Structures are given as C-alpha cells and as structure tokens.
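Visitor: I am new to this structure and would like to learn how to read it step by step. Could you show it to me before we begin?

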Amino acid sequence: MNATVTMANAQQERAEAAARPAAKKSRLRHMPGGVGLGKDASRDAQRLAAAILEVLAGARTPSQAAEALGVSLPRYFQLETRAMHAVVASCEPRPRLEGA
C-alpha cells in the first residue's frame, strides 16, 4: 500500500509542477567588464580583441583569425602574445589606496 501511495504522490507532484507557470528569467544579465567595456577603444582594437578571444575559445584557428584581420600569422601571434601579457599583468593584485 505504501508503494501505491508514494507512486500516486509522485504523479500528483509532477502534474502540479507541469501546471505551474515556468519561472521568468531575469532580464538582467551580467556583462563581463561592464556595459561600457571597449567603448573608448578603436574599431581595430575591438576587432583584434574579438579575434583573439575567438581563437582562445576555439571558435577560430589562428590562421583564420590572421586572415580575418588582414595580418600575417606571425604578426597575429605577436598581437596575441601582447594581449595575453596585458591580461596577466591586469590580474596582479593592486595595492589598496589609503582612505578608500
């Protein structure tokens, strides 16, 4: 009898869950770096950053990125290395400012 009651309860819970409206997704989305990230950067800098991130994400090969940017493959690697140095440097802890 317990198994029958448990099965009936489980079916009733599933039916109630299906009848409830789906939870609304929040309209607020986290924007890495904030909404204004890159707003003051040149169009070329934005294109370069996007291409490097696509390569790092595996969406493009370095050759494809170099071709899209109109640069040679060695030049692409120079630019990627410079960008990665900037990323690592920006991850260094900064001293706290007094009175802040």
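Guide: Please keep in mind that this is a predicted model. A good place to begin is the list of elements, and here the secondary structure of the chain comes to 4 helices and 0 strands, in the order α-α-α-α from the N terminus.

Visitor: How many residues does the chain have, and what share of them counts as buried?

Guide: The chain has 100 residues, of which 10% count as buried. As for contacts, among those with a separation of 6 or more, 29% are between residues 24 or more positions apart.

Visitor: Which residues make up the largest nonpolar core?

Guide: The general idea is that in soluble globular proteins, nonpolar side chains tend to be buried together. In this model the largest nonpolar core has 9 residues, namely L48, A51, I52, V55, A65, A66, L69, Y76 and L79. Two or more residues each are given to this core by α2 (43-57), α3 (62-69) and α4 (73-90), and the largest share, 4 residues, comes from α2.

Visitor: What is L69 in contact with, leaving aside its neighbours within four places in sequence?

Guide: L69, which has its place in helix α3, is in contact with R47, L48, A51 and Y76 once those neighbours are left aside. With a relative accessible area of 17%, L69 counts as buried because the cut-off for that word is under 20%. L69 and L48 are 21 residues apart in sequence, while their C-alpha atoms are 7.1 Å apart in space. A51 can be read in the same manner: leaving aside its neighbours within four places in sequence, A51 is in contact with A65, L69 and Y76.

Visitor: Is A50, which lies in helix α2, buried or partly exposed?

Guide: A50 is partly exposed, with a relative accessible area of 35%. From A50 to A65 the distance is 9.4 Å, C-alpha to C-alpha, and the two are 15 residues apart in sequence.

Visitor: Where do the buried residues of α4 lie around the helix axis?

Guide: It helps to know the helix itself beforehand: α4 has 18 residues and reaches 26 Å from its first C-alpha to its last, close to the 26 Å expected at 1.5 Å a residue. The buried residues of α4 are Y76, L79 and E80. They cover an arc of only 100 degrees around the axis, so they are on the same side of α4. These buried residues pack against α2 and α3, whereas the face turned away from the buried side carries the exposed residues P74, R82, H85, V88 and A89.

Visitor: How far away from E80 is the nearest side chain of opposite charge?

Guide: That side chain is R60, 12 Å away, and E80 is buried yet has no salt bridge. E80 lies in helix α4 and touches I52, V55 and L56, not counting residues up to four places away in sequence.

Visitor: How many salt bridges does a search of the whole structure find, and which residue forms a salt bridge with R60?

Guide: In general, side chains of opposite charge can pair when their charged atoms come close. A search of the whole structure finds 1 salt bridge, and E54 forms a salt bridge with R60, with the closest N and O atoms 2.9 Å apart. E54 counts as partly exposed at 30% relative accessibility, and R60 is likewise partly exposed, with a relative accessible area of 30%.

How values were computed:
Residues numbered from 1 in each chain as written. Predicted model: local features only at pLDDT ≥ 70, side-chain atom pairs only at ≥ 80, totals over all residues. Heavy atoms only, no water. Core = buried A, V, L, I, M, F, W, Y, C linked by side-chain atoms within 4.5 Å. Buried < 20%, exposed > 50% of the residue type's maximum accessible area, 1.4 Å probe, protein only. Contact = heavy atoms within 4.5 Å. Lys, Arg positive; Asp, Glu negative; His and termini not counted. Salt bridge = Lys/Arg side-chain N within 4 Å of Asp/Glu carboxyl O. Expected span 1.5 Å × (residues − 1). Arc of directions from axis to C-beta.
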